[in-house]
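These notebook entries set out what I looked up in the structure, in the order in which I went through it.

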Amino acid sequence: MATYQSLGPIPEHIYKEKHVGGTTLKDVDSQLWVTEFAAFLKKSGKLNVPAWTDIVKTATFKELPPQSPDWYYVRTAALLRRVYLRQGVGTGALRKVYGGRKNMGSAPSHHRRASASVIRKALMGLEELKMIAKHPDGGRMITSQGRKDADRIAAQVMSSRQPQALAVE
C-alpha cells in the first residue's frame with residue numbers, strides 16, 4: 001500500500017475558487033429573466049411580430065388565443081432561454097416542451113404538441129436579431145451576441161433583486 005506524502009499546506013486559491021464569469025442566465029430566476037428579456041425585446045422594437053399574433057392559438061389543445069398582448073415577446077424570450085440552456089435544440093423538441101394536455105371529454109386526456117409555426121417564427125425572429133444561429137448538427141444554438149444580451153439582462157435582474165432581498169432580512 002502506498003503511503004501518502006504531504007506536500008505542505010494547500011494554497012487557498014485551489015479550493016476557494018471564486019466564480020469569475022459574473023452573472024449568467026443560470027444564476028437568476030427564470031420567470032423574472034423571461035419577463036425582463038421580453039420587455040427588452042419589446043423596447044428595442046427590432047423583433048418582427050407577425051400580424052396573426054392576435055388571433056392565433058399557441059397549440060391545438062388550447063381553446064382561446066393568449067390574453068396578453070405581449071405574449072409573443074414572452075414566448076420568444078422563453079425560447080431564447082431554452083436555446084441558451086440546451087444548444088442544438090430544434091423545433092420538434094420545443095413543441096414537446098410547450099405542449100400540454102388535450103381534454104378529450106369523457107375519454108382520457110392525451111398530450112398534444114404546441115404549434116410549430118409560432119415556435120419557428122419566433123426562432124427566425126431571433127436569428128434575424130443575430131441572437132441565435134443554426135447548429136451544424138441541427139437545431140439552433142446561441143450566438144455570442146445572444147449570450148451577451150442574455151447575461152446582461154440577467155445581471156440587471158440580479159442587481160434589481162439584491163436590495164429587496166437584503167431589505168427582507
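**Entry 1: Thr143 and Lys130**

I began with the contacts of Thr143; leaving aside neighbours within four places in sequence, I found Lys130, Met131, Ile132 and Ala133. I located Thr143 in the loop between β4 (140-142) and α6 (144-168). I then looked up one distance: the C-alpha atoms of Thr143 and Met131 are separated by 5.4 Å, although the two residues are 12 apart along the chain. I note that the model is predicted.

From the contact list of Thr143 I went on to Lys130. Lys130 lies in the loop between α5 (116-128) and β3 (132-134). Its backbone drew my attention, for Lys130 has a positive phi of about 65° and is not a glycine. Is Lys130 buried or exposed? I recorded a relative accessible area of 58%, and since the cut-off for exposed is over 50%, Lys130 is exposed.

**Entry 2: The chain as a whole**

I next took an inventory of the protein chain, which holds six helices and four strands. Reading along the sequence, I wrote down the pattern α-α-α-α-β-β-α-β-β-α. The chain has 169 residues, and 31% of them are buried. For the accessible surface I entered about 11,400 Å², with 53% of it belonging to carbon and sulfur atoms. Of the contacts between residues at least 6 apart in sequence, 63% join residues at least 24 apart.

**Entry 3: α2 against α3**

How do the axes of α2 and α3 cross? I found that the axes of helix α2 (residues 30-44) and helix α3 (residues 71-85) come within 8 Å and cross at roughly 120°. That angle makes α2 oblique to α3. The crossing in which α2 passes α3 is right-handed.

I listed the residues that make this contact: α2 contributes Ser30, Trp33, Val34, Phe37, Ala38, Leu41 and Lys42, while α3 contributes Tyr73, Val74, Thr76, Ala77, Ala78, Leu80 and Arg81. Sorted by class, the residues of the contact of α2 with α3 are 10 nonpolar, two polar and two charged.

**Entry 4: α3 against α5**

I then examined α3 with α5, whose axes come within 9 Å and cross at roughly 75°. This crossing makes α3 roughly perpendicular to α5. On the α3 side I noted Trp71, Tyr72, Arg75, Thr76, Leu79, Leu80 and Val83, which meet Val118, Ile119, Lys121, Ala122, Leu123 and Leu126 in α5. The contact of α3 with α5 comprises 10 nonpolar, one polar and two charged residues. Thr76 and Leu80 of α3 are in my list for the contact with α2 and also in my list for the contact with α5.

**Entry 5: Two buried residues**

I looked up Gly125, which is found in helix α5. Its relative accessibility is 6%, so Gly125 counts as buried. I also recorded that the C-alpha atoms of Gly125 and Asn48 are separated by 6.3 Å, with their positions 77 residues apart along the chain counted as separation.

Lastly I turned to Thr24, in the loop between α1 (12-15) and α2. Why does Thr24 count as buried? Its relative accessibility is 18%, and the cut-off for buried is under 20%. Not counting residues up to four places away in sequence, I found that Thr24 touches Tyr84, Asp151 and Ala154.

Key:
Residues numbered from 1 in each chain as written. Predicted model: local features only at pLDDT ≥ 70, side-chain atom pairs only at ≥ 80, totals over all residues. Heavy atoms only, no water. Axes fitted to C-alpha atoms, helices over the stretch in contact; angles between N-to-C directions. Helix = DSSP H or I, 4+ residues; strand = E, 2+ residues; numbered from the N terminus. Parallel < 35°, antiparallel > 145°, perpendicular 65-115°, else oblique. Left-handed = near helix turned anticlockwise from the far one by under 90°. Contact = heavy atoms within 4.5 Å. Nonpolar A, V, L, I, M, F, W, Y, C, P; charged D, E, K, R; others polar. Buried < 20%, exposed > 50% of the residue type's maximum accessible area, 1.4 Å probe, protein only. Areas by Shrake-Rupley, 256 points an atom, 1.4 Å probe, with all protein chains shown as cover.
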